[in-house]
Amino acid sequence: MGKVLDGAAIAAAIKEEVAEKVRGLAGQGIRPGLAAVLVGNLAASEIYVRSKVQTCADLGLYSELIRPPADITTEAMLDLVRGLNDRDEIDGILIQLPLPARVDTKALLDAVDPAKDVDGLHPVNAGRLMAGRPALTPCTPAGIIEILKRSGIPIAGQHAVVVGRSDIVGKPAALLLLHQNATVTICHSKTRDLGAVTRQAGILVAAIGRAGFITAEMVKPGATIIDVGMNRITGRAEFERFFAGDAKREAAFAKRGSVVMGDVDPKAFEVAGAYTPVPGGVGLLTIAMLMANTVRAAQMRRGL
Ligand code: NDP
């Protein structure tokens with residue numbers, strides 16, 4: 001069985017460092033501030049945003065939760081974002097995705113001041129990341145690098161295979177690994193013989209969105225697996241396929257009728273050298289990195 005890379009401990013360490021920086025800035029009369037915009041009432045988005053706002057409070061950041069009416073137009077959302085761009089006490093703007101289909105998500109992400117783009121999704125930040133310049137980088141991929149570094153897993157010279165090429169996870173994760181001198185391969189739904197590629201990986205990042213998709217046969221023995229996926233499984237047969245005999249998950253499944261699992265079949269963790277569990281891995285880093293980005297944005301905007 002591979003070594004568990006403990007997302008909780010790493011996230012706690014990062015949050016403590018952020019709180020320390022916030023205390024330092026307070027001495028200069030600066031309180032980093034995050035505005036979170038949530039449209040609609042998607043249960044998962046609601047939980048994520050509340051947890052982001054709560055973490056701001058825990059670490060001493062200022063935060064605002066903005067909940068426009070569910071039928072808000074793109075134009076009105078653009079006005080709202082421009083208003084936040086102009087407010088000095090707001091250092092970070094977070095637009096919780098997904099937005100309702102009728103809202104033009106790209107137009108909104110492009111309207112966020114790149115200096116306040118704490119999710120790292122503005123094309124200016126994406127371009128800076130591509131060019132290896134200082135940038136606000138997407139939180140989940142930044143968290144992946146923190147997990148690897150703080151767990152003492154060497155990146156330079158390793159073959160890192162990233163499965164998934166989204167703008168939020170796969171692509172920026174691949175670029176960050178490249179900047180750390182990994183040899184990087186990006187895979188996606190059109191990749192031929194995926195297993196032959198993933199079996200070459202010293203570091204395998206799974207960001208697919210399909211429960212247990214990466215099986216033990218697709219993993220090189222001793223590899224480090226970073227499982228980004230967050231999938232809710234509700235079917236008994238699927239549950240049995242992955243978790244038969246796992247008493248803890250069995251109790252959770254019986255209680256809630258579902259469990260959350262990643263993109264990696266738990267049997268693959270038995271071949272791995274190290275892996276991030278789901279839950280308890282990458283997901284916990286995402287909020288920690290959002291806090292770190294907000295403080296960084298506050299510092300950069302003031303030339304600190
Ligand atoms: P997307 O749906 O945007 O991207 C999924 C990627 O997986 C696509 O590039 C797609 O390829 C690829 N893919 C789909 N099917 C296959 C296949 N059969 N073989 C190879 N590649 C495939 O998802 P996200 O990147 O936004 O998220 C990925 C996962 O990570 C999800 O489970 C999500 O919930 C989770 N997540 C977790 C976060 C956290 O904090 N832990 C944060 C963000 C996401 P193609 O481009 O060809 O369609």
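What is the volume of the largest cavity? In this predicted model, the largest cavity has a volume of about 50 Å³. The legends below cover this cavity, the ligand site and two pockets.

**Figure 1. Close-up of the largest cavity, with a lining that includes Ile93, Leu94 and Ile95.** One cavity of 30 Å³ or more is found in a search of the whole structure. Besides Ile93, Leu94 and Ile95, the lining comprises Leu109, Val112, Asp117, Asp119 and Leu121. Strand β4, residues 92-95, makes the greatest contribution, with three residues. By class, six of the lining residues are nonpolar and two are charged, while no polar residue takes part.

**Figure 2. Close-up of the ligand and its shell of 19 residues.** Arg165, Ser166, Ser189, Met230 and Thr286 come nearest to the ligand. In the side chain of Arg165, an N or O atom lies 2.7 Å from an oxygen atom of the ligand. For the side chain of Ser166, the corresponding distance from an N or O atom to a ligand oxygen is 2.6 Å. Met230 approaches through its backbone, where an N or O atom is 3.0 Å from an oxygen atom of the ligand. On its own the ligand has 920 Å² of accessible area, of which the protein covers 70%. Seven nonpolar, ten polar and two charged residues form the shell.

**Figure 3. Close-up of the largest pocket, which lies between domain 1 and domain 2.** The pocket is assigned to this position because domain 1 (28-117) and domain 2 (139-285) both give residues to its lining. The space within the largest pocket amounts to about 1400 Å³. Of its 45 lining residues, Tyr48, Gln96, Met230, Gly283 and Thr286 lie nearest the centre. At least two residues of the lining come from each of α2 (43-59), β4, α6 (139-150), β9 (231-233) and α12 (282-301); α2 gives the most, with eight residues. The lining contains 26 nonpolar, 13 polar and six charged residues. Met230 and Thr286, listed here, are also among the residues that come nearest to the ligand.

**Figure 4. Close-up of the second largest pocket, with a volume of about 550 Å³.** Its lining consists of 25 residues, and Thr137, Ala142, Glu146, Met289 and Arg296 lie nearest the centre. Helices α1 (7-26), α5 (123-130), α6, α7 (170-179) and α12 each supply at least two lining residues. The largest share, six residues, belongs to α12. Eleven residues of this lining are nonpolar, six are polar and eight are charged.

Definitions and conventions:
Residues numbered from 1 in each chain as written. Predicted model: local features only at pLDDT ≥ 70, side-chain atom pairs only at ≥ 80, totals over all residues. Heavy atoms only, no water. Near = heavy atom within 4 Å. Polar contact = N/O pair within 3.5 Å; in protein donor to acceptor, adjacent residues only side chain to side chain. Areas by Shrake-Rupley, 256 points an atom, 1.4 Å probe, with all protein chains shown as cover. Nonpolar A, V, L, I, M, F, W, Y, C, P; charged D, E, K, R; others polar. 1 Å grid on protein atoms, 1.4 Å probe; cavity = no way out; pocket = protein on both sides within 12 Å on 5 of 7 lines; lining within 4 Å. Points joined across faces, edges and corners; volume = space filled by probe spheres on them. Helix = DSSP H or I, 4+ residues; strand = E, 2+ residues; numbered from the N terminus. Domains from an automatic or database assignment.
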